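Trainee: Could you walk me through this model, and show me how each label is earned?

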Amino acid sequence: MELSQRILSIPPSATLTMNAKAQELKQKGENIISLAVGEPDFSPPEHVKEALITAVNDNCFQYLPVPGLPALREAGANYFYRFYQVQPEPQEIMFSNGGKQVLYNLFQVLLNPGEEVLIPAPYWVSYPPMVQLAGGVPKIIPTYLEDNFELSIETLKNSLTENTKILILNSPSNPTGVNYSQEKLTSLAQFALDKGLFVISDEVYDQLVYPPSQPASLARLWQNHKDKIAIVNALSKSFALTGLRVGFVLTAAPIIKAMTKLQSQSCSNICSVAQKAAIAALTGDFSFLEGERQKLKQRRDLTLEFLKDLGLKTPRPDGAFYVFPEVKKYFNSHLTNSTALCTYLLERAKIATVPGIAFGDDNCIRISYAVPTSVLEDALQRLKTALNEL
Ligand SMILES: Cc1ncc(COP(=O)(O)O)c(C=O)c1O
């Protein structure tokens, strides 16, 4: 059987591949610590789990409206009021299987063949293949460690062509953890809007920003540019519900309609009981996050301090749960790139990390610190020993 050119042209997800490798070694009895996966290590709040159980006991297993139950769309709309003082209509919100499917749907309904999407590197691994699968052209644009990996207007300006259609921004960022200031995020988006672009703001980590830093959102700007901005969010990271697959989007109603049409022909509504849990999450208490942020911040500090002692340049992560140190000083004639270094770390130190090349920067690696502190300390010690052997 000959597979399609379309599927042959894209790679599998590098983060999931690395994690699968680590799991395989674990199953063989190796004492592997995985710092590779993008998943919080806390539990979802009890009221969310209870809502899920109640939905199961109520036999809530039927097909539901494709974009989500009315109460869920309303809860999604109210999220933007609660955190960003913007009140959308429910028809400006829809739910898909994770932030991932939201982004997939967006590219599918917005892109025509050959249209370009500007993707600042380092970028989340799935943006380029998703753009390709929609027939678009991913155009990777550089950011620099010296600028904390923040995109500059200058770079943006120099990257525009007559085919540029979309700019994607992601704050806090996966893989760097860098969190834009509200002013910076707005000014980048405003510049793109002035040039006629559509802006996608991937805000899936907005609840995981460490004070005094604050999350930045394009929700306010969206009010005046409804059909030119889409805001992507999900319960995956903030509520530790990665496997429940709940993502949502805020954008203009006609775009929601198009995405609904697409989703109606692919997977229909997201899981029925997940919708009930999501209503509980979005309408319930968010205060449990304060403790989780605190814990993550301590681990962030521990990791940063450690990397600093190793002399590794690392952008300052004020959100998410990743660090993205530059490791090229450890490259040698055998370990010539980030993939070789990560393979060495897996084999020698028994720690799984993700090569920076997967995010468009071969000089760095991504380390997730969303693991218990004692495990993190062990992993960092192993990292140090293995790097010092080079
Ligand atoms: C930046 C970014 N966007 C979107 C997603 C997709 O998240 P979800 O699990 O909700 O599909 C992820 C997950 O790793 C991510 O890091």
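Mentor: Happy to. Let's begin with a term: a molecule sits in a pocket if more than half of its atoms lie within 2 Å of the pocket's grid points. Keep in mind that this is a predicted model.

Trainee: Where does the ligand sit, by that rule?

Mentor: In the largest pocket. The rule asks for more than half of the atoms within 2 Å of the grid points, so a ligand said to sit in the largest pocket has passed that test.

Trainee: Which residues around the ligand come nearest?

Mentor: There are 14 residues around the ligand, and Asn-174, Asp-202, Tyr-205, Ser-236 and Lys-237 come nearest. By class, that shell holds 5 nonpolar, 5 polar and 4 charged residues. Helix 5, residues 98–110, gives the largest share of the shell, with 3 residues.

Trainee: What makes the pairing of Ser-236 with the ligand a polar contact?

Mentor: The cut-off is 3.5 Å between N or O atoms. A polar side-chain atom of Ser-236 lies 2.5 Å from an oxygen atom of the ligand, so the pair counts as a polar contact. Gly-99 uses a backbone N or O atom instead, at 2.8 Å from a ligand oxygen. For Trp-124, a polar side-chain atom lies 3.5 Å from an oxygen atom of the ligand.

Trainee: How much of the ligand's accessible area does the protein cover?

Mentor: The protein covers 93% of the 390 Å² of accessible area that the ligand has on its own.

Trainee: On to the sheet. Why do strand 9 and strand 11 stand at the edges?

Mentor: The open sheet has 3 strands in the order 9-12-11, with antiparallel pairing. Strand 9 (322–323) and strand 11 (354–355) each have a single partner strand, so one side of each is left without a neighbour in the sheet.

Trainee: How do you know that strand 9 and strand 12 pair?

Mentor: Pairing takes at least two bridges. Strand 9 and strand 12 (residues 365–368) have 2 bridges in the antiparallel sense, so they qualify. Within this pair, Val-323 stands opposite Ile-367 in strand 12.

Trainee: Which residues does a cis peptide bond join?

Mentor: One joins Ala-121 and Pro-122, with omega about -5 degrees. Pro-122 is in the loop between strand 3 (116–120) and helix 6 (127–133). Another joins Pro-211 and Pro-212, with omega about 10 degrees.

Trainee: What is the phi of Gln-85?

Mentor: Near 55 degrees, a positive value in a residue other than glycine. Most residues other than glycine have a negative phi. Gln-85 lies in the loop between helix 4 (70–84) and strand 2 (93–96).

Conventions: Residues numbered from 1 in each chain as written. Predicted model: local features only at pLDDT ≥ 70, side-chain atom pairs only at ≥ 80, totals over all residues. Heavy atoms only, no water. Near = heavy atom within 4 Å. Polar contact = N/O pair within 3.5 Å; in protein donor to acceptor, adjacent residues only side chain to side chain. Areas by Shrake-Rupley, 256 points an atom, 1.4 Å probe, with all protein chains shown as cover. 1 Å grid on protein atoms, 1.4 Å probe; cavity = no way out; pocket = protein on both sides within 12 Å on 5 of 7 lines; lining within 4 Å. Helix = DSSP H or I, 4+ residues; strand = E, 2+ residues; numbered from the N terminus. Nonpolar A, V, L, I, M, F, W, Y, C, P; charged D, E, K, R; others polar.
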